[in-house]
Amino acid sequence: MALFKKRTVGKPGEWYYCLEHKKVEEGPECPAKDRFGPYASRQEAEHAMQTARERNLEWENDPKWHDAPAATPDDD
């Protein structure tokens, strides 16, 4: 008997975006490594790639993300 069972059917109302198949799924149909989610609605899952692009831009432009170089003793 397996210690952990693979969940093949997701909960109704859980929406995912499959990165491999480029489609929205209700409940996880594909492995976790190939999907974004869960999302609260189908519409949110449909915009998963746009949301990821927007978040990436925010992080890339976040001044706290790009640390200033450490000061060296010669800088004094």
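Let me begin with the sheet. Three strands make up an open sheet, ordered S2-S1-S3, with antiparallel pairing. S2 and S3 are the edge strands, and each has a single partner strand, so one side of each has no neighbour in the sheet. From one strand to the next, the twist averages 25°. Helix H2, residues 48–60, packs on this sheet and touches S1 and S3. The direction of H2 makes about 100° with that of S3.

I should say at once that this is a predicted model.

Now the overall layout. The protein has two helices and three strands. Read from the N terminus, the elements follow the order β-β-β-α-α. There are 76 residues in the protein, and 20% of them count as buried. The exposed surface comes to about 6600 Å², with 55% of it supplied by carbon and sulfur atoms. As for contacts between residues at least 6 apart in sequence, 20% join residues at least 24 apart.

Next, the strand pairings. S1 and S2, the latter being residues 23–26, pair in the antiparallel sense over four bridges. Tyrosine 16 has glutamate 25 in S2 as its bridge partner, and cysteine 18 stands opposite lysine 23 in S2. On the other side, S1 is joined to S3, residues 35–39, by three bridges, and these two strands also run antiparallel. There, the bridge partner of cysteine 18 is arginine 35 in S3.

Which way do the side chains of S1 point? S1 covers residues 15–18; Trp15 and Tyr17 point one way, Tyr16 and Cys18 point the other way, and all are buried. That fits the general pattern: in a regular strand, side chains alternate between the two faces of the sheet.

Trp15 and Tyr17 turn up again in the core. The largest nonpolar core has six residues, namely Trp15, Tyr17, Val24, Tyr39, Ala45 and Ala48. In soluble globular proteins, nonpolar side chains tend to be buried together. Leaving aside residues up to four places away in sequence, tryptophan 15 touches a list of residues that includes Val24, Tyr39 and Ala45 from the core, along with Gly37 and Pro38.

Glutamate 46 is a useful reference point for tryptophan 15. The two are 31 residues apart in sequence, and their C-alpha atoms are 9.1 Å apart in space. Glutamate 46 belongs to helix H1, residues 42–46. With a relative accessible area of 43%, glutamate 46 is partly exposed.

Now the cysteines. How many disulfides are there? The count comes to zero. Why is cysteine 18 not bonded to cysteine 30? The closest cysteine sulfur to that of cysteine 18 is in cysteine 30, 3.4 Å away, which is too far for a bond. The cut-off used here is 2.5 Å between the sulfur atoms. Both residues are out of the way of the surface by the burial criterion: cysteine 18 is buried, with a relative accessible area of 0%, and cysteine 30 counts as buried at 12%.

Last, two points about the backbone. Most residues other than glycine have a negative phi, and most peptide bonds are trans. There is one exception of each kind to show you here.

For phi, look at lysine 22. Its phi is near 55°, a positive value in a residue other than glycine. Where is lysine 22? Lysine 22 lies in the loop between S1 and S2, and that hairpin has four residues between its strands. Is lysine 22 buried or exposed? Lysine 22 is exposed, with a relative accessible area of 59%.

For the peptide bond, look at glycine 37 and proline 38. The bond joining them is cis, with omega at about 10°. Proline 38 lies in strand S3, and both Gly37 and Pro38 are among the residues that tryptophan 15 touches.

To go back over the main points: the sheet has the order S2-S1-S3, helix H2 packs on it, and S1 contributes Trp15 and Tyr17 to the largest nonpolar core. The cysteines form zero disulfides.

Technical notes:
Residues numbered from 1 in each chain as written. Predicted model: local features only at pLDDT ≥ 70, side-chain atom pairs only at ≥ 80, totals over all residues. Heavy atoms only, no water. Buried < 20%, exposed > 50% of the residue type's maximum accessible area, 1.4 Å probe, protein only. Contact = heavy atoms within 4.5 Å. Areas by Shrake-Rupley, 256 points an atom, 1.4 Å probe, with all protein chains shown as cover. Pairing = 2+ DSSP bridges. Axes fitted to C-alpha atoms, helices over the stretch in contact; angles between N-to-C directions. Core = buried A, V, L, I, M, F, W, Y, C linked by side-chain atoms within 4.5 Å.
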